[in-house]
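These are my notebook entries on a single structure. I looked up the ligand site and then the contact between the domains.

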Amino acid sequence: MKTRITELLEIEYPLIQGGMAWVAEYHLASAVSEAGGLGIIGAGGAPAEFVREQIRKTRAVTNKPFGLNIMLMNPEADAIAKVAAEEGVKVVTTGAGNPGKYMKMWKEAGVRVIPVVASVAMARMMERAGADGVVAEGMESGGHIGSATTMTLVPQVADAVEIPVIAAGGIADGRGFAAAFMLGAEGVQIGTRFVVAKESIVHDNYKKKIIAARDIDSEVTGMSHGHPVRQLRNQMTREYLKLEKAGASFEELEQLTLGALRKAVVEGDAVNGTLMAGQIAGLVKEEQSCREMVEEIMEQAEALLGHNRREV
Ligand code: TUI
């Protein structure tokens with residue numbers, strides 16, 4: 001399937017992997033790239049030199065293109081932005097902020113830039129700043145989210161900008177892929193399903209929680225202080241939401257989530273950890289290799305979109 005995204009990124013399928021903090025390290029990123037999509041290293045809150053190592057480790061195991069996601073709330077974002085340019089990564093995606101100040105440096109280094117946006121205004125601003133595309137991410141997504149749904153955001157962003165749009169949030173199979181294309185997307189980003197991939201280093205307890213999740217098992221914490229984060233309901237979210245309702249301060253709530261994503265991913269603490277996942281977790285039913293996932297998604301999407309129909 002050819003779109004402006006496959007052309008821009010020189011990949012087989014217009015399917016990119018979410019740049020999930022702690023989860024999207026080089027094993028996962030290289031496996032998605034090897035399967036014909038775009039694997040992405042998620043810098044999350046990591047130090048810049050760790051990110052440089054991840055880029056080099058990915059290069060050592062795949063010749064396919066891959067990307068780097070920079071979470072802009074990371075205090076080391078400036079240094080990581082520089083690492084992206086120095087290492088000459090193919091493409092940078094960004095999250096949770098405005099990457100405008102890095103754009104010139106990345107462009108000069110030949111890095112493609114695809115910021116993740118949660119509004120039409122941000123998409124327009126990124127186009128003006130020279131972005132090569134945008135990921136329009138709906139609030140069905142796991143992790144840090146905006147307020148618009150994928151269904152409403154994607155067509156509005158697609159109408160507002162000329163650059164190609166990648167849809168994210170609530171997509172885990174070929175139906176979601178095809179639906180996103182109907183809304184005007186030329187690519188999709190998938191996160192939650194890849195968390196349970198065989199190549200994902202995420203602790204088994206976390207994977208099992210996603211596989212067991214039903215449609216309504218996620219919660220959004222942090223709405224009151226302007227940092228909404230979607231994750232699976234557990235003891236931590238119950239406690240958090242109780243405190244939040246009672247008017248607890250940002251600092252008090254922070255105490256509950258400090259290091260909690262690492263606790264879930266590395267230690268498998270499904271009780272007190274942050275089990276970031278999107279609303280589509282209920283559709284994710286088995287651990288498969290990235291190749292199996294990508295092939296299954298693309299086969300279903302192509303059948304629905306009619307790309308494999310033969311003339312008679
Ligand atoms: O970035 C994400 N999702 C994330 S980042 C993350 S790391 C984290 N860890 C612990 C606690 C909290 C976060 C987990 N999930 N998605 C992309 C995204 N970006 N969603 C929404 C936005 C966004 C929001 C505001 C993009 C731009 C924006 O603009 C604000 C501005 O500066 O104008």
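Entry 1, the ligand. How far is a nitrogen atom of the ligand from a polar backbone atom of Ala96? I read a separation of 2.9 Å between these two atoms. I keep in mind that the model is predicted.

I then looked up His144, where a polar backbone atom is also placed 2.9 Å from a nitrogen atom of the ligand. For Glu137 I noted a polar side-chain atom, and its distance to a nitrogen atom of the ligand is 3.0 Å. With the cut-off for a polar contact at 3.5 Å, I enter the Ala96 pair at 2.9 Å, the His144 pair at 2.9 Å and the Glu137 pair at 3.0 Å as polar contacts. On its own the ligand has 720 Å² of accessible area, and I find 68% of this covered by the protein.

Entry 2, the shell. I list 13 residues around the ligand, and the nearest are Ala96, Val116, Glu137, Gly143 and His144. By class, I record 7 nonpolar residues, 5 polar ones and 1 charged one in this shell. I assign the charged place to Glu137, because Glu counts as charged and the shell, which includes Glu137, has 1 charged residue.

Entry 3, the domains. Which residue ranges does the domain assignment give? I copied 4–201 + 282–306 for domain 1 and 204–280 for domain 2. Between the C-alpha centres of the two domains I note 23 Å. Domain 1 brings 27 residues to the contact, and domain 2 brings 22.

Entry 4, the interface. I find about 2000 Å² buried between domain 1 and domain 2, with 64% of that area on carbon and sulfur atoms. On the domain 1 side, I singled out Trp22, Thr192 and Gly282, as no other three residues supply more of the area buried against domain 2; their share is 25%.

For polar links, I counted 12 residue pairs in polar contact between the two domains. How many salt bridges does the rule find across the interface of domain 1 and domain 2? I record 1. I also looked up Lys207 and Glu287, which form a salt bridge with their closest N and O atoms 2.9 Å apart.

Definitions and conventions
Residues numbered from 1 in each chain as written. Predicted model: local features only at pLDDT ≥ 70, side-chain atom pairs only at ≥ 80, totals over all residues. Heavy atoms only, no water. Near = heavy atom within 4 Å. Polar contact = N/O pair within 3.5 Å; in protein donor to acceptor, adjacent residues only side chain to side chain. Areas by Shrake-Rupley, 256 points an atom, 1.4 Å probe, with all protein chains shown as cover. Domains from an automatic or database assignment. Contact = heavy atoms within 4.5 Å. Buried area = accessible area lost by both parts, 1.4 Å probe. Salt bridge = Lys/Arg side-chain N within 4 Å of Asp/Glu carboxyl O.
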